[in-house]
Amino acid sequence: MDVDQNVKNESVSTVDDTTTITELKTENDQTMSTTKAVVILVVIFLASLLILAYLYYNFPQLTEEEKKYIKIPRNTTDMQNLGRVLEDYKDTYYTQVFMSIFFCYIFLQTFAIPGSISLSILCGFLYPFVLALAIICFCSAMGACFCYLLSMTIGRRLAYKYFPDRIKSYAKLVKKHNDNMFCYIMFLRITPFLPNWFINVCAPLVDVPLIPFWLGTFFGVAVPSVLVVQAGQTLHQVASESTWSWSSVLLLATFAALSLLPVLFKAKLRDKFD
């Protein structure tokens, strides 16, 4: 009996030692590769900036007054000014305007840079409802997948280095919903439980399949984007009128209030889904 127990203890000790050695080796590999991962990420980021610069310098000739409005909008005034400039060129240079918005949106999503909500409103400002919604959903899904692929290939070491505890917590949630991953990703996109950038970065690290991730993002983003697109169309109506319409202002305020509902009911929604 004592001999068996000793053998068992030695076996457990060996397993523990092996696990420890593996973890230490993995940690060392990650530490040694962090600099290389950062360099590769910076190179990809700069290459993406070059593509945006190419689109900018091949854009139709703008006046000096118009050039100052070509930037990522940060407020309602910026969106109105940018929308007016792009609308003036959209009919004649439809492809250039469309591709500029398309690549800019994917760029922001890929590198988790704030500003995509403003571009979503801009899409509602410039395009019909269905087309604007399709652009937002597709660009969000593609940008999220590019971020997913970057994390899977070169971001893994950085993620484990800087927020390992959050990855472990996310992995437990994913494991609970392996059988309905598409629905779970949709749920995460609709509700504000986890930041979108965190979902994109950590999804490949906890073995979320790429196809359910893309589909869940595409359809999940559509739900809150309906309000955003409508807000953009209302903003276009306000910008087109010589005087402010109180009905348009009330619509904008209503959309802003409705967008806060997931935050207000965050705890109840989490309990229901879990």
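Helices (DSSP runs of H or I, at least four residues) and strands (runs of E, at least two) are numbered from the N terminus. Keep that in mind as you open the viewer, where residues are numbered from 1 along each chain as its sequence is written. The model is predicted, so local features need pLDDT of at least 70 and side-chain atom pairs count only at pLDDT 80 or more, while totals for chains, interfaces and linings use all residues; side-chain values use heavy atoms, with hydrogens and water left out.

**Stop 1: the whole chain**

Start with a cartoon view. You will find 13 helices and zero strands. Now switch on a surface: the protein exposes about 16,000 Å², and carbon and sulfur atoms supply 64% of that area. Accessible areas here come from the Shrake-Rupley method with a 1.4 Å probe, and for residues only the protein chains shown count as cover.

Next, colour by burial, where buried means under 20% relative accessible area, exposed over 50%, and partly exposed in between (1.4 Å probe, protein chains only). Of the 274 residues, 38% count as buried. For contacts (heavy atoms within 4.5 Å), look at those with a separation of 6 or more: residues 24 or more positions apart account for 76% of them.

**Stop 2: helix α4 and its neighbour**

Select Phe-103, which sits in helix α4. Its relative accessibility is 32%, so Phe-103 counts as partly exposed. Which residues does Phe-103 contact, leaving aside neighbours within four places in sequence? They are Leu-52 and Leu-55. Add Ile-51 to the selection: its C-alpha atom is 8.5 Å from that of Phe-103, although 52 residues separate the two along the chain.

**Stop 3: a surface patch on α1**

Move on to Leu-46, found in helix α1 (residues 2-57). Leu-46 has a relative accessible area of 46% and is therefore partly exposed. Select Val-38, Val-42 and Leu-49 along with Leu-46, and you have a nonpolar surface patch with about 300 Å² of accessible area together. Patches are made of residues with over 30% relative accessible area and no salt bridge; like charges are joined within 9 Å, and nonpolar side chains (Val, Leu, Ile, Met, Phe, Trp, Tyr) within 5 Å.

**Stop 4: the cores**

Now look inside. A nonpolar core is a set of buried Ala, Val, Leu, Ile, Met, Phe, Trp, Tyr and Cys residues joined through side-chain atoms within 4.5 Å. The largest one has 35 residues, and those with the most contacts inside it are Leu-86, Val-97, Ile-101, Leu-122, Leu-126 and Tyr-127. Two or more residues of this core come from each of α3 (76-90), α4 (94-110), α5 (116-126), α6 (129-162) and α10 (210-240).

Centre on Leu-86: not counting residues up to four places away in sequence, Leu-86 touches Phe-59, Ile-70, Val-97, Ile-101, Leu-122 and Leu-126. Apart from the largest core lies another, of 25 residues, including Cys-147, Tyr-148, Met-181 and Leu-194.

**Stop 5: salt bridges**

Side chains of opposite charge can pair when their charged atoms come close. A salt bridge here is a side-chain nitrogen of Lys or Arg within 4 Å of a carboxyl oxygen of Asp or Glu, and by this rule the count comes to two.

Select Lys-67 and Glu-64, whose closest N and O atoms are 3.7 Å apart. Both lie in helix α2 (residues 64-67), three residues apart, about one turn of the helix. Lys-67 is partly exposed at 30% relative accessibility, whereas Glu-64 is exposed at 62%.

The other pair to select is Glu-65 and Lys-68, with 3.2 Å from N to O. Glu-65 is partly exposed at 45%, and Lys-68 is partly exposed at 48%.

**Stop 6: positive phi in two loops**

Go to the loop between α4 and α5, where Ala-112 lies. Phi of Ala-112 is near 55°, a positive value in a residue other than glycine. Then jump to Asp-207, in the loop between α9 (196-202) and α10. Asp-207 is not a glycine either, yet has a positive phi of about 65°. Is Asp-207 buried or exposed? At 65% relative accessibility, Asp-207 counts as exposed.

**Stop 7: annotated spans**

Finally, colour the spans that an unreviewed UniProt entry annotates as "transmembrane region": residues 37-57, 93-113, 125-151, 181-199, 211-232 and 244-265. UniProt positions are given in the numbering used here, feature names are shortened, and annotations may be inferred rather than shown by experiment. Residues 93-113 are 81% helix and 0% strand, with end C-alpha atoms 27 Å apart. For residues 125-151, the end C-alpha atoms lie 33 Å apart, and the span is 93% helix and 0% strand.
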